[in-house]
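Work through the exercises below with the sequence and the coordinates open beside you. Try each task before reading its solution.

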Amino acid sequence: LGEHLRVAPPPSGGNIPDEVALLELLTQRRSTGLVITGVGGVGKSRLVLELGHRALRDGWTVLRAGGTLHTRALEDLAKQIEPHDRVLLLIDYIETQREFDSLVQLLDDLNETYGLHLSYIANCRRTFYASSQIRTTHGHRQIAISPSPGAPALSWFEGHQRAAALHILRHAGVPDLTTL
């Protein structure tokens, strides 16, 4: 995201934060979590992973929640960390977390009670976010990465999608037909 912003600045009036700015929201404790939303295939999971990699480089402990995350796991984690530790949970597809709002409330309670810095970055489809209780869950920021049709940033995000897909293919060693 940040690399594409350097190559292709956002349209005027468009405020598109890069990975550093997104993590800064968690570092400064402006939010307990970020919920990345968008249409299917737009790159939500990829952005969550990129943010996790960036957080690792910045000294965070990063954990991925595979499957269903249970409150007991969060309570056990809280017993193993110190207040100065920055811990980031990556949650792919919160649609699969039945009690997501309870988990977020527990994170907030653990942070407040023990002075911890537990944060999360999760993702879901835009339609799920709009129709679920998640949008009213306390302490998170929604990061919409697929603008509505006709929005000024739509063409920028489409260009970002193409650039990200090309980057992944090049990194995997898949040749570009235009260079053959």
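The exercises that follow treat strands, a helix, enclosed and open spaces, and a few single residues.

The model is predicted, so that local features are described only at pLDDT of at least 70 and side-chain atom pairs only at pLDDT 80 or more, whereas totals for chains, interfaces and linings use all residues. Residues are numbered from 1 along each chain as its sequence is written, and side-chain values rest on heavy atoms, with hydrogens and water left out.

**Exercise 1. Strand β1 and its partners**

Determine how β1 is covered and which strands pair with β1.

Step 1. Helices (H or I, at least four residues) and strands (E, at least two) are DSSP runs numbered from the N terminus, and a residue is buried under 20% relative accessible area, exposed over 50% and partly exposed in between, with a 1.4 Å probe and protein chains only.

Step 2. In β1 (residues 33–38), 6 of the 6 residues are buried, so the strand is largely enclosed by the rest of the structure. The cover extends to both faces, since G33, V35 and T37 on one side and L34, I36 and G38 on the other are all buried.

Step 3. Two strands pair if DSSP finds at least two bridges between them. By that rule β1 runs parallel to β4 (residues 117–125), to which 6 bridges join it, and I36 has N123 as its bridge partner in β4. On β5 (residues 140–144), also parallel to β1, the count is 5 bridges, with L34 standing opposite R141.

Step 4. Continue from β4 to β3: these two strands run parallel and are joined by 6 bridges, and the partner of L90 in β4 is I121. In β4 itself, 8 of the 9 residues are buried, so this strand too is largely enclosed by the rest of the structure.

**Exercise 2. The two sides of helix α4**

Find which residues of α4 are buried, which are exposed, and what covers the buried ones.

Step 1. Within α4 (residues 71–80), the buried residues include L74, L77 and A78. Because they cover an arc of only 100° around the axis, they lie on the same side of α4; the arc is that of the directions from the helix axis to the C-beta atoms.

Step 2. The general geometry of a helix is useful here: an α-helix has 3.6 residues a turn, so residues three or four places apart point the same way.

Step 3. On the other side of α4, R72, K79 and Q80 are exposed.

Step 4. With contact defined as heavy atoms within 4.5 Å, what covers the buried residues of α4 includes β2 (61–65), β3 (86–91), α5 (100–114) and β4.

**Exercise 3. Cavity and pocket**

Describe the largest cavity and the largest pocket by volume and by lining.

Step 1. On a 1 Å grid over the protein atoms alone, a cavity is a set of points where a 1.4 Å probe fits but cannot get out, a pocket is an open set with protein on both sides within 12 Å along at least five of seven lines, and lining residues have an atom within 4 Å of a point.

Step 2. The largest cavity holds about 30 Å³ of space, and its lining consists of L69, L74, L89, I91, F100, L103, V104, L107 and Y120. The largest share of that lining, 4 residues, comes from α5.

Step 3. The largest pocket has a volume of about 690 Å³. Of the 28 residues that line this pocket, L1, E19, E50, H160 and A164 are the closest to its centre, and α7 gives the most to the lining, with 10 residues.

**Exercise 4. Three single residues**

Place N111, R64 and Y93 in their elements or loop, and state the accessibility of each.

Step 1. N111 is found in helix α5 and, at 15% relative accessibility, counts as buried. Leaving aside residues up to four places away in sequence, N111 touches T32, L116, H117 and L118.

Step 2. R64 lies in strand β2 and is exposed, with a relative accessible area of 63%. The C-alpha atoms of R64 and I91 are separated by 6.3 Å, although the two residues are 27 residues apart along the chain.

Step 3. Y93 sits in the loop between β3 and α5 and is partly exposed at 29% relative accessibility. Its phi is near 60°, a positive value in a residue other than glycine.

Notes. Points joined across faces, edges and corners; volume = space filled by probe spheres on them.
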